[in-house]
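Trainee: Could we go through this model together? I would like to discuss its packing and its charged pairs.

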Amino acid sequence: SIEFSKVMIKLKSLSKQYKWNTRFVGYSATPFRNDKKDIEAHFDGGIVYRYSKRQAWKEGYLPTLKLQTPEIDKPNDLDADDEKTLQFGKTKIPFWKIRLAHQNNPSYNGKTFISVTSKSEAIELQQYLKSKKIPTVAVYGNNSDISAWEKPNSKRGSAEVLIAIDKLNVGADIRPGHIIVCRNIISNPLVVQLLGRGLRPDAHKSHLLVSDLSGFSENSNFM
């Protein structure tokens with residue numbers, strides 16, 4: 001939304017400079033800003049029509065959202081790598097739990113998207129999952145790298161798991177069947193953006209499975 005704001009400011013500046021008779025009409029699926037500023041201020045007039053998530057689900061435009069906070073029993077045959085953790089605040093998520101959340105819940109298309117906070121976390125978790133024979137890619141560059149994950153003939157397209165860092169959890173056109181959340185999310189707009197990766201329509205998708213390993217759903221009113 002910040003980049004969008006820059007574009008709108010530039011367009012309004014040009015409109016004023018060249019004295020265009022212009023009206024700005026916007027369409028947005030996620031009209032929220034993390035800086036809490038009003039996105040409507042960039043357009044002329046107020047909201048013309050609001051289409052709610054509840055209505056989209058009722059009319060079948062979005063797949064069903066199935067949220068779980070899985071209780072996964074700790075295996076007895078763990079090694080040192082299994083015991084590594086992702087940590088934020090007092091919350092620790094062991095690598096073995098992330099692995100089993102993926103393996104125990106196969107999605108309709110076999111694609112799992114894992115959301116983490118930092119590049120170092122993405123790299124370390126990728127190395128771990130690959131050592132467990134799970135084809136995995138970690139992305140921390142740009143959104144075009146993420147989009148390649150869904151192209152079967154691409155190098156990334158053969159991977160079951162995609163791990164992406166915070167800033168790449170939004171804006172990517174991907175359609176995973178399973179999202180594992182391994183980071184703290186305190187912004188409801190970010191929840192909307194993140195889950196929106198998996199709620200995009202697909203002819204073969206009946207539902208999106210979300211495994212909440214971080215406890216974000218307890219502080220979100222998205223549902």
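Mentor: We shall take the nonpolar packing, then the salt bridges. This is a predicted model, in which local features need pLDDT of at least 70, side-chain atom pairs count only at pLDDT 80 or more, and totals for chains, interfaces and linings use all residues. Residues are numbered from 1 along each chain as its sequence is written, and side-chain values use heavy atoms, with hydrogens and water left out.

Trainee: How many residues has the largest nonpolar core?

Mentor: That core has 23 residues. A nonpolar core here is a set of buried Ala, Val, Leu, Ile, Met, Phe, Trp, Tyr and Cys residues joined through side-chain atoms within 4.5 Å; buried means under 20% relative accessible area, exposed over 50%, and partly exposed in between, with a 1.4 Å probe and protein chains only. Among the residues with the most contacts inside the core are Ile-98, Ile-114 and Cys-182.

Trainee: Which helices and strands each supply at least two residues of it?

Mentor: Strand 2 (85–88), helix 3 (95–103), helix 4 (119–131) and strand 6 (161–164) each do so. Helices (H or I, at least four residues) and strands (E, at least two) are DSSP runs, numbered from the N terminus. Helix 3 gives the largest share, five residues.

Trainee: What is Ile-114 in contact with, leaving aside neighbours within four places in sequence?

Mentor: Its partners include Ile-98, Leu-125, Leu-129, Ile-163 and Cys-182, where contact means heavy atoms within 4.5 Å. Another core, of 19 residues, lies apart from the largest one and includes Val-139, Leu-162, Leu-190 and Leu-194.

Trainee: Changing topic: how many salt bridges does a search of the whole structure find?

Mentor: The search finds six, a salt bridge being a side-chain nitrogen of Lys or Arg within 4 Å of a carboxyl oxygen of Asp or Glu. In one of them, the closest N and O atoms of Asp-79 and Lys-132 are 2.7 Å apart. Asp-79 lies in the loop between strand 1 (64–68) and strand 2, and Lys-132 in the loop between helix 4 and strand 5 (136–139), so the pair ties together parts 53 residues apart in sequence.

Trainee: And is Asp-82 buried or exposed?

Mentor: Asp-82 is buried, with a relative accessible area of 1%. Asp-82 also forms a salt bridge with Lys-132, at 3.5 Å between the closest N and O atoms. Lys-132 is partly exposed, at 23% relative accessibility. Through shared partners, salt bridges join Asp-79, Asp-82, Arg-99 and Lys-132 into one network.
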